[in-house]
Structure formats: structure tokens, C-alpha cells
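Hi everyone, thanks for coming. Please bring up the model on your screens, and stop me whenever a word is unfamiliar.

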Amino acid sequence: MLDCQLTDRDTVFYAFTNVMQPSVDLTNCDREPIQWPGFIQSHGYLLALDPVTFTIWQASENLSLLTGQPIDQLVGQPVADLLLGDLPGADLHELLTVAMRAGSPQAFNPYQVRINGHHWFTMLHLHDGALILELEPAGQNGLSLPQFTLITQTMSDVQRSGNLADLLNRTVRKIKELTGFDRVMTYRFGEDWHGEVVAEAREEDLDPFLGLHYPASDIPRQARELYKVNLVRGIVDVREPRVAILPVNYGPLDRPLDLTYSGLRAVSPLHIEYLQNMGVRSSMSISLLYRGELWGLIACHHYSGPRFVDYPTREAAKLVSQILSTALEIRQDDEETAFSRQLQDHEQTLYQHMLADWDVVQGLTKHPVTALDLNTATGVALLFEGELHTLGDTPTDAEILPLIEWISTTTPEIVFQTHQLPNLYPPAELFRQKASGVLMLMLSREMNEYLLWFRPEQIQTVSWGGNPDKPVLTGDSGEVRLSPRKSFEKWTEQVRNKALPWRQVEVATALKLREDLLQLVSQKANQIRVLNEQLRLAYEELEAFSYTVSHDLRTPLSSIKSYTEIYLEDHGNQMTEEAKGTFDKVIKATDRMNVLIRNVMQYSRMSRTDLTVEPLAMRPLLSQLRDELLAGENGRDITVQIGTTPDLQGDPTMMTQVFSNLLSNAVKYTRQVPKARVTVQGHENGHEIIYSVTDNGIGIDMKQAGKVFELFQRLDSATSYEGYGVGLAIVKRIMSRHRGKVWFESTPHQATTFYVSFPRI
Amino acid sequence: MLDILYVEDNQDEADIFRRVMNRLTNPPSFTILTSGSEAIDYLLQQGIYQGQSPPLPRLALIDLNLPGHSGFEVIQQVRAMSRTRYLPLVVYSTSDNPKDIRRAYDLGANAYLIKPGSYHEVTDMMRRAVDFWLTQSQYMP
């Protein structure tokens, strides 16, 4: 347990009564028990009474001056037996009775009494099991304004002030007017509890403190906790010695009385020294709360002499501060709400864009409102479907990708935020002007898709009121002593590698966008699934349909041909040659129609069917085709020569079709040539395998080259040959599905070569 | 004793078949049924043929595209009965769809013939088929 002893006014050391020896460092200040100092300030008197019998349990030592009795004689006496100057204890007793009857005695503070011809205020409160009574002199610096007026003035100030800074300035001016302090400041806590002076009203001759920062250790944690419950504290004169409360220990407890709510409470000698180092003679501070937490303080300093602000004035100042706190809440809330609403609007707009475009990248980057408008970032990057898109001011792609990698391995969470990236990820030092602040959303870990926002470094020049590091001194006897700061000269520090932090609402909006985006992606995936299924069904229907149509067209055709043949068989010997010729034409017409139907079926099948790629031995395939073709060409002088035949990778059915069509064309269009020669040859080069089919037939006029591969297009020269202009269209379709090419060269009536090439895998 | 059972719903085809059969050197005996359902009843001796004992053919020629039960169903049901398990079933269809061919064989057809589009070709094909199945291939009574 730590024991706090006063040795002299300048230094304090902590004696350890326990074996455990914590090292002395600046955090010890945090543990000083300031709520039971055991002392009050000298300008008033304090009694701690039994709340029922009003027996005196504790009294401040200076009461012996007023009562003429030593304190140990007073303790244990009923207050009614007391005589305070010319104020009978019985009067006090009556006052207390009335006050206690009301239930909460502090509701009627202060109570006026007269002692030795002067006005005094009595303040009562119940705490720590006792009824605590404090006496303070009444109004030397009296309040001239009635409360009502004060409230009205303050409220109209609040309404009239345009922004937060204006409001704070008006407030400190009003408090200065009310209390007469030399300097009144609004002190605002930042992150990690260091403070900044954001508004100031001061006497002309004083150095301004506006804009200075003070380290968190200047107002230690337990002080801040106390300030949340006791909203106004004052130190009347730093030079006056403190007055002890006797007896030292309160009741059966091993500690002094708890003075959390006391106006006379003496402060830590460390704090006194701190004020003296600053040249301050008298001080007062009022808490400013925002949503139940300490937002800042109104700090008052007086230099020219002690300054006593009586209870009613303090209460008035507290009232002004409470109005300010409320206004703060409203104003901050308003600002937050407006900002939040704007972000939500933008988020909705972005979602609508993505929906309308049915595309995430488009929706987020290609419209007037972009992902950059979702917060106050200066750059945004989207890694989606394998591509990195950036807008605004961002690091380079080569810098962003490793960063994403690092973040995704550092955290499994769906969102990552920092406002000091270079401190976490050293490579970011190089691009800290663009990305000291990063907010990243993980869209899909499997697909490696992320959305990031960037914020630039904010080089802040922070002015400190003195060096923020409190020195720890080693005394002569080797004891370690803490000493409050002696130096208050301005000290500037550059805060590097930091950006403005991300606001709550910015992160929330980003998360909302992620939800909407993921829903869209999932809908898209579903839609594609549905479309694929529909397509599959459509193909199946088409397949079934095609077969039915083909069958239904060919069946009557077959009847026509068959009956015509039967007629010829039965009546042929009775018919003239001319008549037989007519029937022949009927038969030939049905043949043509059959071929046409078959060709069209083949063509449509080539587009639909799945491609099965296999290695194909070309020599056997070509040999067989040659045999089949030549079987129908009896009586002709025709040779089909097969040269080198490198193997191919392709769909067997389709490959057969290609060469069948090319070869049958070669055979067909050489029919008029006495010695028909067809050559099939294949060779490989670096990136493809090329086959050629050459014939010495009628050839193709280049002027008609455009029609050669078109469906149903036939050349003039070919009209005397059977065919429907489907064969080469099929070849072209098949080659395109194999990612190959087909082309030709021709000299009419001499030679024609068709080439097909296949990419080498 | 019946040589051929031909299951075919197209009148022209049936007509041409009759003519072709009757012009063969040794015309086989044949019956033509026009639906798959009737063919099943006949071969399994059920339905309208219940109680009768129509003669089993030595060869059944079956079109696939039939009203009611399809040619596939005929094959399937016929193969399921022990009486007709070894009956030579030859599909005679216009379809050249590899899926149909495969399915026919999977169900137990012995052969698959694609109908030619002309009288003369039909004549050739039938002559060869009759020669093969009725004369050369051994019969399982």
C-alpha cells in the first residue's frame, strides 16, 4: 500500500510499506488517492457528522480557532453543543434537521448563516456514510445577475453561435466575465487523453495559450474520473497551507474521509507545485461532458493574487458549462448526423449504379459519384476479377498489391483500418504522403478481391506547453523522486506517419457497401447459373427439334423417291425415254433435297455440339475418306495422293467432316478434267500444323472469293455441279471452333488449294 | 411359323416393304404391326392377344419412332421376357443419331439399320438382311 507523506512543499516521495517494490515512473501519479487527501483548503471549515444524531465525527483543524476549543474535545459532541463564533450550534442543528427532512440536503444548498457579522454559506451533502457540512465565506466577488438572466443569455449565445469554435469562445468570455479570472480556457481532450487549448479569453498582457497541447500526464486518470462526478473544482490560493481533518482516520476505516463531492477538498501537492511552476496563484476548472464522458474542461487561471469564487458563482459557472455540454452534444450529433446521412446517400447511389450497370467496377468508378465519395479518403483502389482499378491519389499498383497481401495475411477480419500505416508496415514509408491512413474491405478471400481507401499523411505541428516528457529525478540519498514539470516553454513536435483517423460512420458505411456489393455478386452468379441452365435446356430442345424436323422432312421425301422408282419398275418398259427422263428428274430433285436437309442438320450440329479434343491419326482417317470417295467415282481417271500426315488434336467427328468436305469438293470440281489429280499434304511449323488439299479442277475466280465460305452461297462456275453452298461453311465453322483457320489459293482451270491450319498446343 | 414381324407406323414404308418382300426369290412370311403397344402385346401374348398364341417371328424389324410405346420400349420389354429374350431384334430407323444407336444396343438390339431413302436401296438392304438373318444366322427356337 502506498503512503503519501508531505515532507516539504516542494517535493513528495512515496514510501513503500510493503515488500513489493513497484518501480517509480510517471504512472505512479495515476494512483495517488486524491479523493481522500485528509486535508481541506484554508478558506473554509468542514464537519463530518452522524446523519441521524448530528454528532461530530470529524472536523477541520481550523475550527478550533472559531470555537476556541481543541478539536479532540469537539469530536463526539453533538453539533447543537457547538458555538461557532457567535453562531449557536442549536441554529445549525435546526438547519440540519430541516435539511435532512427534505431527503436530499444538497438540494437546498447553499444555506445562509451569519458568523461574527459576516455572511457565510453552508453546503451540505451526504457521502461516505456521513453528513458533510462545509462553510465558505459569501460573495466577495458576488454574482450580480440573477440565475434566470444568466440562463437566457447563455441560451441565446448558444443559438447565435455559428459553429463549435464560436460557441466555445463565447462561453469562455462569459465565464471570465462571471468569475473575473485572468485567463479562462477551453481545454479539449484528444485521443490518448492529451489536451489542446481550443478557446481562450485572457488578460491582454498574458502570453496566449491558444493552440498549445498538454500531455495526458498533466491531468492524471484518477483526476479525470473524479471530474466526471464533481463538476466544479477550485484552488483558492496555492500559497496557503492545507488544513488537516482530524482525527486522521475516518471512523473504523483505515483511511481519511472521502471528499469526492467536497468543495473545500485540498489538492495533491504535486498539482500545487505544477501550478506554481506555471506561475498560477489560483485556479478553477469545470467539466464538459459529452455522452457521459469527459470531453474537455473549462480551465481558469489567476496570476495576480488569490481568487475566491463563492458557491453561487461557481454554480452559475457550472450551469453555463452544462448548457455548453448540451449544446456540444446537439451540435456534434447534428454534424455527425448530417455527415452520416450524406455518406448513406452516396452509398445508396453507388448501390443503384452497380445494380443498373449490373457491374461492380462500372458502378463504383465510372459515374459522377464514385467510391471516393463514401468517406473522406483521397484515393481508392479496387482489386476485382483479377484487375486493379484506382481513382484519385493512390500509391502505385506495384505498391498496392504487396500491401493488400500483407494486410490479408495480418488479419482474418473483413475490415482493416489504420491511420498510421508506416508505423505498422515499414514499406509504406515510401508512399506515406498518399497512404498513411488505410481502410480496407475484404470482398472475397478466395477470389482475391479487395476494396481500399487511402488517406494522406497529416504533418501536424503540435505546440506543446513544455516538454511532454516528465523527468524522473534521483535524489541525494538514492531515492527516486517524481517532480511535476518545471519547464513550460513552448516545445514543438512534428507528428509524422499519421493521417486523420477514420470516423465510425465511415467504417460503418464501408461495411454496408460491402454487404450490398456481395449481394449483387451473388445475384449475378445466380443469374448466370440460371441463364446457363436455360441455355442448356434451349440446346436440348433445339437438338430434339432438329431431329424431328429432319425426320419429318425426309420421310415423305423418301416416299416420293421410292414410289417414283416403283412406278419406273412397273411401267418403265411401257414408257418413252422422255417419260423416263421426267421421272429421273423427280428422283434427282428428291436426292438434292435430301442432301440439303442433311447438310443443314450438320451445320447446325457443328455449332451446338460439345467439342471433344483427342489426338487423331491422320493417315488412316484420310485413307478411309479417299476409299469412300473413290468408290463412287468409278470410270474416272482420278488419283488422290496422300503425302505427309502429321497427327492433329481435334474432335474426331468434326475433323472427319472437314476433310470429307474438302476432299469431296476436290473430287467434284475435277469431274470435267480428264486426269484428275488431288493431293493431300500436311506439315508443321513453329506454332501451327497446316494441311492442304490441292486439285486441278475448275478453280475459283478471286472476284467471287467473298462468297466461298458463306452459307448457301454458290459461285457461278459451280452451278452445274451439285451442292448447296453448305460444305465450306461447315468447314469454316469447325475450324473456328478449333481456333484454327481456313483459306485458299486458286488459278481458274489450273489448280486450287484449300488450307486448314490448327494451332499447336 | 412366321419369318418376319415388322413394326412400322408409316403406311408408305409398310407398303414398300410388302412389295419388296413379295418380289424376293423366296418371299418370307411377314406380319406388319403399326404400333409399339400392339407389338408388345403380340410378342408377350398379353393385352389384345391375351389367350391367343400368335406365332413368334424369327426376326423382328422395329422402327423407333412409333406411337404409344416407342421402339425402345418394345426392345426393353421383349428382352425382359424369357420367352423372347433371344429373339433377333433389328432396329430399322431413319435416325442416325449416335445416342439412339447406343441406346438401342444398350437395351439389347442385335443390329441397327438406317432406312435408306429410296426403293432400290430398300430392296438391296432387305435382300441382304433376309439372307443374313433368315438363311445364314442360326436360329434359337
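Let me start with two terms: strands (E, at least two residues) and helices (H or I, at least four) are DSSP runs, numbered from the N terminus, and two strands pair if DSSP finds at least two bridges between them. One more note before the tour: this is a predicted model, where local features need pLDDT of at least 70 and side-chain atom pairs count only at pLDDT 80 or more, while totals for chains, interfaces and linings use all residues. Residues are numbered from 1 along each chain as its sequence is written, and chains are lettered from A and ligands numbered from 1 in the order in which they are written.

Now, a sheet in chain A. How many bridges join β32(A) to strand β33 of chain A? There are 7, and the two strands run antiparallel. You can find β33(A) at residues 751-759. One pair to click on is V742(A), which stands opposite V756(A) in β33(A).

Let's zoom out to the whole sheet. It is open, has 5 strands in the order β28-β30-β31-β33-β32 of chain A, and its pairing is mixed. At the edges sit β28(A), residues 638-642, and β32(A), residues 741-747, each pairing on one side only. Neighbouring strands here are turned by 10° against each other on average, direction ignored. For angles like this, axes are lines fitted to C-alpha atoms, for helices over the stretch in contact, and angles run from 0 to 180 degrees between N-to-C directions.

Two helices join in. By contact I mean that the C-beta atoms of two residues, placed from the backbone, lie within 7 Å. Helix α14 of chain A, residues 618-631, packs on the sheet and touches β28(A) and β30(A); its direction makes about 175° with that of β28(A). Helix α15 of chain A, residues 652-668, lies across β28, β30, β31 and β33 of chain A and runs at about 25° to β31(A).

Next, please scroll back to β15 of chain A, residues 243-246. In a regular strand the side chains alternate between the two faces of the sheet. Which residues of β15(A) are on the covered face? They are V243(A) and I245(A), with A244(A) and L246(A) on the uncovered one. Strand β3 of chain A pairs with β15(A) in the antiparallel sense over 2 bridges, and there F39(A) has A244(A) as its bridge partner. Strand β5 of chain A also pairs antiparallel with β15(A) over 2 bridges, and A59(A) is matched with L246(A).

Right after that comes a cis peptide bond, from L246(A) to P247(A), with omega near -10°. P247(A) is in the loop between β15 and α7 of chain A. Another cis bond joins N109(A) and P110(A), with omega about -10°, and P110(A) is found in the loop between α3 and β8 of chain A.

Finally, two residues with unusual signs to look up. N116(A), in the loop between β8 and β9 of chain A, has a positive phi of about 50° although it is not a glycine. Is N116(A) buried or exposed? A residue is buried with 20 or more other C-beta atoms, placed from the backbone, within 10 Å of its own, exposed with 12 or fewer, and partly exposed in between. N116(A) has 10 such neighbours, so it counts as exposed. D128(A) has a positive phi of about 60° and is not a glycine either; with 19 other C-beta atoms within 10 Å, D128(A) is partly exposed.
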